[in-house]
Number of protein chains: 2
Amino acid sequence: MQEFDLRELRYFLAAAEELNFSRAAERMGISQPPLSRAIRRMERRLGAPLFHRGHNSVRLTAAGETLRNEAHKVLEAAAAASRRTRRAGRTATVLTVTAAPGRSTELLRRIAGAYAALPGAARTDIAVTGYCAQAAALRSGEADLALLSTPFDEEGLRVHGLCSEERVAAVPVGHRLARRTRLHCADLSGEPFPAWPADTEAGRRYWSGQDRAGGGRPAEGPLVHDISQLIEVVGLGQALALVPRHIAERNPRPDVVYVPVADASPYRTVLARPEGPAEPAVELFVRTAADLFAAVAPAGAVAEPA
Amino acid sequence: MQEFDLRELRYFLAAAEELNFSRAAERMGISQPPLSRAIRRMERRLGAPLFHRGHNSVRLTAAGETLRNEAHKVLEAAAAASRRTRRAGRTATVLTVTAAPGRSTELLRRIAGAYAALPGAARTDIAVTGYCAQAAALRSGEADLALLSTPFDEEGLRVHGLCSEERVAAVPVGHRLARRTRLHCADLSGEPFPAWPADTEAGRRYWSGQDRAGGGRPAEGPLVHDISQLIEVVGLGQALALVPRHIAERNPRPDVVYVPVADASPYRTVLARPEGPAEPAVELFVRTAADLFAAVAPAGAVAEPA
DNA sequence: CGTCCGGGATACCCTAAAGGTATGCAGGAG
DNA sequence: CTCCTGCATACCTTTAGGGTATCCCGGACG
């Protein structure tokens, strides 16, 4: 089962991306023949060609496509392994927890406070990162824990729900929906919604309320980078937005009204960690957070059942 | 970032398990000095010791513990990569789908039938495996898809809910609870429940209805291997059991009564695939299954929302 | 108190395999 | 026909992984 070597996987990946052995070899800092050989070796061992070699073109075979995806996972796992091990090697465990700027950070500070008061608590570093960067930090081993909010990509993570909160639609005062006292996702279909920088397809559906069955696809709205900009854009009548209730309460504006949306999926705040066994310090932190939220759910939110 | 080599990880893992370099080396088919060197090399590169070397004993450091977990993941990913690539290399894609014996297999046949009727469908192999073996087959790359039922270990899988079904308690006729028309999880606490061979702690809590908040821990009951044995054991008054409704309906017996349990978590049947990008054939199969269930939920079950 | 033993580290050699340079060979453009 | 591009082949050089022998150190034992 000694299938291959991480080095070979890197070579293969470079070749799969470049679709040109010479350039791939250059990128890997070796010359072309060794790279060719490495790939032929892999093909021989796997018993299946990875590339279609046309004379002036190289394409991936089905097996190659598969290996491209898989190789990615393997290399990521390896990189994460090294990072995590390094960090575990520092004397005196340090927990690194990331959160997005804004209320998440504030919540995180409270959890960290409660945690720090426990006997045997490790030092805790709070890393405030850009929106959408938390999950990546977890997967790469840069952080031990992340406080994140829906939507996020759950892949490779174990999430512990902390609280969930209703979402309301932010509607410009002049809008046809501004008079309504209650909306459904279907009412929002076809309306323009702001786009976030790192928005995935799933994320866009979420923010526009289309992640429940409701039909119609969201219209592309202006690009926004933070909450105040989002509200601004709504105020100017350029878009609608679905926001958690606490955002609505903290951003009262004369030119925006907030209307509950009956069937929008809730805005969930979760504590996430990488899959697999966790260090005791991580376990303790998670339990502390869960206990804290079970006891006193913060304003406007409902503690989630375990 | 050229941290290490899969071979080194294997060596490390052997050493971490044996806690004896000589034996570990023997297991890896090499002599002791190269193994020692490999590990020192890793320690040098990582900048942290992995083992405490007592003179007559070797123990893992914190970093070593971490690496042990991580190395596992990396090696599993690598093994899966090779298996999946091999299988993708066979001409004419073959989907391998696993299910437990019983109704799951029957459902799977229906899905496969609908799938096979589609244009461009791949050949589909159905592999019937023992209970609890499906998730492992997915993770190791032996299967492309698995039809499985709660409880299962979600780690590393992407699940697509197909249907969910109420669970009822199987109670021996003479039992104090046999007269009731409705139960709650709390009523069941302290009762003996049958154990399945591969039962995890979480699985046992699930089968005994303790996975909802309800207090008390389940009592250890006799070991059972299949459904008929389970019902038998209940009939003999040796245990209670929580079973999905369709099992109750197909196993009427004079010595067992079935009582709805109001707050037991439902019995969910899901189609699962490994995380990450999926081949088109897999995507198509999943969509076929979802459509089939959205249209006509099979007897006694409720189709899950997407 | 000396000796032996278990078990990891060191020293040194040897071979397999990765890398480099030069070149071959086949198709497409001009 | 020729040149260019781009992967494969041939052949040499270098390196590092593996083997054997040996050391070193602490513990057990007579």
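Which side-chain atom of Ser36(A), by element, lies 2.8 Å from a phosphate oxygen of DNA strand D? It is an N or O atom in the side chain of Ser36(A) that is found at this distance from a phosphate oxygen of DNA strand D. This is a predicted model, in which local features need pLDDT of at least 70 and side-chain atom pairs count only at pLDDT 80 or more, while totals for chains, interfaces and linings use all residues. Residues are numbered from 1 along each chain as its sequence is written, chains are lettered from A and ligands numbered from 1 in the order in which they are written, and side-chain values use heavy atoms, with hydrogens and water left out.

**How the two protein chains are related**

- Chain B is superposed on chain A by a rotation of 180 degrees with 0.1 Å of shift along its axis, at an RMSD of 0.2 Å, where the fit is by least squares on the C-alpha atoms of residues with pLDDT of at least 70 in both copies.
- The two copies are thus related as by a two-fold rotation axis.
- Both copies use the same surface, since 97% of the contact residues of chain B recur in chain A, contact meaning heavy atoms within 4.5 Å.

**Where chain B meets chain A**

- In this interface, 39 residues of chain B are in contact with 39 residues of chain A.
- The area buried between the two chains is about 3,400 Å², of which carbon and sulfur atoms give 54%; buried area is the accessible area (1.4 Å probe) that two parts lose on being put together, summed over both.
- Within chain B, the residues that lose the most area to chain A are Thr85(B), Arg86(B) and Glu155(B), together 16% of what that side buries.
- The rule finds 4 salt bridges across the interface, a salt bridge being a side-chain nitrogen of Lys or Arg within 4 Å of a carboxyl oxygen of Asp or Glu.
- Glu155(A) forms a salt bridge with Arg158(B), in which the closest N and O atoms are 2.9 Å apart.

**Around DNA strand C**

- DNA strand C is surrounded by 20 residues, of which the closest are Tyr11(A), Ser31(A), Arg37(A), Ser36(B) and Arg40(B); a residue is near a strand if one of its heavy atoms lies within 4 Å of it.
- Sugar and phosphate account for 70% of the atoms of DNA strand C that come within 4 Å of the protein.
- A phosphate oxygen of DNA strand C lies 2.8 Å from a polar side-chain atom of Arg41(A), and a phosphate oxygen of this strand lies 3.2 Å from a backbone N or O atom of Phe21(B).
- A base is approached as well, with an N or O atom in the side chain of Gln32(B) 3.1 Å from a base nitrogen of DNA strand C.

**Around DNA strand D**

- DNA strand D is also surrounded by 20 residues, and the closest are Arg40(A), Tyr11(B), Ser31(B), Arg37(B) and Arg41(B).
- Of the atoms of DNA strand D within 4 Å of the protein, 67% belong to sugar or phosphate, and the rest belong to bases.
- A polar backbone atom of Ser31(B) is 2.8 Å from a phosphate oxygen of DNA strand D, whereas for Arg41(B) a polar side-chain atom lies 2.6 Å from a phosphate oxygen of that strand.

Technical notes. Polar contact = N/O pair within 3.5 Å; in protein donor to acceptor, adjacent residues only side chain to side chain.
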